[in-house]
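Biologist: Please take a close look at one part of this model and walk me through it in a connected way, from the local backbone to the packing and the contacts with its surroundings.

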Number of protein chains: 2
Amino acid sequence: MEVNRICNFNAGPAALPEPVLQELQENVLNFQNCCMSILEISHRSNDFDNVINDAVARTKRLLGIGDNYHVLFLQGGASLQFAMIPMNFLAEGRTADYINTGTWSTKAIKEAQIQKKNFNVAASSEDRNFAYIPKEFSFNPDATFVHITSNNTIKGTQWDQFPDTGDVPLIADMSSDFMCRPIDMSKFGMIYVGAQKNIGPAGVCMVIVRDDMLKLIPDGLPTMLDYRTHVEKNSMYNTPPCFAIYTVQLVLKWLEETVGGLGEMEKINRKKAELLYAAFDESDFYKGTADLDSRSMMNVTFRLPSEELEKKFIDQAAQNGLGGLKGHRSVGGCRASIYNATTVENVEKLISFMKEFENRNK
Amino acid sequence: MEVNRICNFNAGPAALPEPVLQELQENVLNFQNCCMSILEISHRSNDFDNVINDAVARTKRLLGIGDNYHVLFLQGGASLQFAMIPMNFLAEGRTADYINTGTWSTKAIKEAQIQKKNFNVAASSEDRNFAYIPKEFSFNPDATFVHITSNNTIKGTQWDQFPDTGDVPLIADMSSDFMCRPIDMSKFGMIYVGAQKNIGPAGVCMVIVRDDMLKLIPDGLPTMLDYRTHVEKNSMYNTPPCFAIYTVQLVLKWLEETVGGLGEMEKINRKKAELLYAAFDESDFYKGTADLDSRSMMNVTFRLPSEELEKKFIDQAAQNGLGGLKGHRSVGGCRASIYNATTVENVEKLISFMKEFENRNK
């Protein structure tokens with residue numbers, strides 16, 4: 001690898017594993033020696049069937065799920081899922097519980113509201129500016145599902161244990177921590193994932209939906225907005241985002257074959273997060289913004305003593321090859337996103353820069 | 001260019017200009033020397049702002065449109081547009097005329113039907129299996145829009161002149177002939193384009209909508225399905241398909257700077273189509289399937305004397321480096337898609353193979 005590359009702490013689109021980028025580069029002009037670019041092959045070809053079927057099979061193996069789950073590759077991001085979920089699963093007479101842990105949960109709730117669906121906000125951490133994951137809930141046992149956002153990129157919080165909802169299936173937006181660790185999929189009726197944070201590039205949204213959920217869908221939905229359309233056609237009712245799916249396939253291959261699965265991935269992710277949080281906890285200069293028991297393994301949010309110092313920190317970090325450290329525009333401060341593709345080495349470089357910066361500026 | 005590349009006559013995803021693929025390849029690891037891949041940069045960065053704003057500006061220049069048109073980059077392909085059009089423009093009390101010229105028009109009509117909207121099929125060529133573009137219509141002067149499919153990839157037909165709809169705006173699915181020639185945009189309230197045929201890769205749908213159309217949109221639509229959301233946020237309400245938009249930008253740059261605009265593009269496209277159709281018209285062996293006055297410049301559909309010969313033709317062509325010549329699975333036969341990126345030289349290679357094949361097999 002001779003190219004000069006930055007340590008990329010972007011929140012999404014975010015860093016991809018370098019071996020994946022190299023394989024993409026090799027296939028941009030001539031995909032697997034078919035003498036066409038991956039961008040030029042038909043989605044109805046055997047070549048592309050192999051890509052999408054391999055991506056589905058790897059997803060099932062990595063998550064340990066069987067054929068009662070359908071793995072879909074859709075468009076429109078998690079934001080379109082916010083609308084499709086109530087449209088598909090909250091027909092007349094049904095109700096759902098939503099837990100509000102930040103910007104993305106709030107948006108998911110808003111789309112149920114726009115459609116005038118019955119739902120209840122079963123818990124919220126809005127009272128303390130979403131700095132924590134709620135611990136107490138009172139779920140409606142008649143709810144069709146409970147909706148959560150598993151990780152909050154903006155506030156740097158993450159569900160450590162998922163809530164016990166009894167027989168009611170969870171639906172989770174896992175855009176920012178999908179495949180960062182093994183999970184017990186049997187709790188989930190559906191998960192959905194904008195790929196551009198932890199599993200691929202912008203432009204594809206993975207949906208993993210359990211078979212029994214499909215029975216809830218009312219007839220009469222627009223074809224593209226009915227999950228059954230995509231289940232029946234293996235995500236190829238219309239032309240899918242082929243290049244984005246191919247990139248996801250390569251990331252899944254890297255997760256299985258190079259990293260060694262989600263158990264190994266979790267060990268690496270925990271190590272990175274522990275190193276970085278330890279650097280805060282030893283210092284009075286940097287302060288984490290999330291409650292200790294709600295800290296995210298993926299997005300580490302922190303403040304410096306002043307906004308002026310934060311700006312200086314972000315600028316000098318960038319000059320030192322550490323990019324993407326600015327907090328979300330809605331909250332300010334600093335944020336290091338340390339998704340699966342971020343190496344321990346890059347986190348160590350960040351910590352060492354943080355120490356230097358503190359010494360120069362405290 | 002040392003890579004061995006096929007002559008690609010795929011219907012979509014389809015051939016892209018080679019200089020575009022080379023530029024993509026160079027930027028997969030290090031985008032414009034920012035030390036990150038184009039897949040890894042934030043959509044909120046200046047780097048990506050420059051990409052999307054340049055793509056919008058080039059689109060406006062190439063089409064000769066002003067700021068009363070909005071250029072959007074959406075997801076879900078033309079198929080999602082089939083549903084969004086009636087949702088946005090056919091509120092209670094409104095009606096529309098649709099012209100049915102094949103599979104894609106039929107699908108657009110079906111989505112208006114699913115939503116129980118008022119509409120009328122003002123003309124159809126279904127009586128002769130969609131082999132022609134209708135010439136006679138009776139439009140409803142109170143219609144909110146008239147919907148057409150400008151080019152039919154499956155049947156190989158194309159509107160030469162667009163119908164005169166008076167003050168009623170046209171809405172056109174131009175997925176398969178967008179920017180193949182200059183058009184008079186003042187007739188159009190909206191056009192939409194799945195990029196993967198003539199303007200880019202799969203995974204992005206361009207929508208060009210006139211300002212006055214936005215006033216028709218009722219409140220209460222799901223956020224992602226309301227065109228105003230995307231107009232207000234310059235296609236970045238949520239993370240857009242960055243790589244696909246970047247590829248479109250490069251294709252637009254190629255159209256402007258290398259080809260020299262849509263007038264020049266049309267000359268090249270007419271030449272390719274004339275050469276290929278002339279090869280049929282001189283032969284009793286190959287027969288075009290579309291009526292003479294409705295022939296497409298983009299998708300040339302033809303039959304051989306038997307299905308057996310068609311299979312042999314497609315196989316031997318592939319062995320000779322001519323790919324993608326199989327007709328759509330719903331109609332069989334042969335099809336050469338000769339979009340903007342297909343060179344005259346590649347069409348000449350196809351014609352010369354056709355002549356050889358005829359001599360060997362007639």
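Modeller: In this predicted model, a good place to begin is B:Pro13, which sits in the loop between strand S1 (7-8) and H1 of chain B. The peptide bond that joins B:Gly12 to B:Pro13 is cis, with omega at about -10°. Most peptide bonds are trans. The other chain has a cis bond as well, between A:Gly12 and A:Pro13, with omega again about -10°, and there A:Pro13 belongs to the loop between strand S1 (7-8) and helix H1 (18-27) of chain A.

From this loop one can turn to the side of chain B that faces chain A. Here 60 residues of chain B are in contact with 60 residues of chain A, and the area buried between the two chains comes to about 4,900 Å², with carbon and sulfur atoms giving 60% of it. Three residues, B:Leu29, B:Leu39 and B:Glu40, supply 15% of the area that chain B buries against chain A, which is more than any other three residues.

Polar and charged pairs also cross this interface. The rule finds two salt bridges between chain B and chain A, and a salt bridge is formed by the side chains of B:Arg5 and A:Glu40, with 2.5 Å from N to O. Side chains of opposite charge can pair when their charged atoms come close. Across the interface of chain B and chain A there are, in addition, 21 residue pairs in polar contact, with both residues at pLDDT 80 or more. As for the helices of chain B, helix H1 (18-27), helix H3 (77-89), helix H4 (103-114) and helix H6 (242-259) each supply at least two residues of the side that touches chain A, and H3(B) gives the most, with five residues. Sorted by class, that side of chain B has 32 nonpolar, 21 polar and seven charged residues.

Helix H6 leads on to the helix packing within chain B. The axes of H6(B) and H7(B) are 9 Å apart, and the two helices pack at an angle of about 85°; H6(B) and H7(B) are therefore roughly perpendicular to each other. From H6(B) the contact draws on B:Trp254, B:Leu255 and B:Val259, and from H7(B) on B:Leu262, B:Glu264, B:Met265 and B:Ile268. By class, this contact of H6(B) with H7(B) has six nonpolar residues, no polar ones and one charged residue.

Helix H7 (residues 262-281) of chain B also packs with helix H9 (residues 344-361) of chain B, where the axes come within 10 Å and cross at roughly 5°, which makes H7(B) roughly parallel to H9(B). On the H7(B) side the residues are B:Ile268, B:Lys271, B:Lys272, B:Leu275, B:Leu276, B:Ala279 and B:Phe280, and they meet B:Val344, B:Val347, B:Glu348, B:Leu350, B:Ile351 and B:Met354 of H9(B). By class, the contact of H7(B) with H9(B) has 10 nonpolar, no polar and three charged residues. B:Ile268 thus links the two packings, for this residue of H7(B) takes part in the contact with H6(B) and also in the contact with H9(B).

Technical notes: Residues are numbered from 1 along each chain as its sequence is written. Chains are lettered from A and ligands numbered from 1 in the order in which they are written. This is a predicted model: local features need pLDDT of at least 70, side-chain atom pairs count only at pLDDT 80 or more; totals for chains, interfaces and linings use all residues. Side-chain values use heavy atoms; hydrogens and water are left out. Axes are lines fitted to C-alpha atoms, for helices over the stretch in contact, and angles run from 0 to 180 degrees between N-to-C directions. Helices (H or I, at least four residues) and strands (E, at least two) are DSSP runs, numbered from the N terminus. Angles under 35 degrees count as roughly parallel, over 145 as roughly antiparallel, 65 to 115 as roughly perpendicular and the rest as oblique. Contact means heavy atoms within 4.5 Å. Ala, Val, Leu, Ile, Met, Phe, Trp, Tyr, Cys and Pro count as nonpolar, Asp, Glu, Lys and Arg as charged, and the others, Gly among them, as polar. Buried area is the accessible area (1.4 Å probe) that two parts lose on being put together, summed over both. A salt bridge is a side-chain nitrogen of Lys or Arg within 4 Å of a carboxyl oxygen of Asp or Glu. A polar contact is a pair of N or O atoms within 3.5 Å; within protein, one must be able to donate a hydrogen and the other to accept it, and residues adjacent in sequence count only if both atoms are side-chain atoms.
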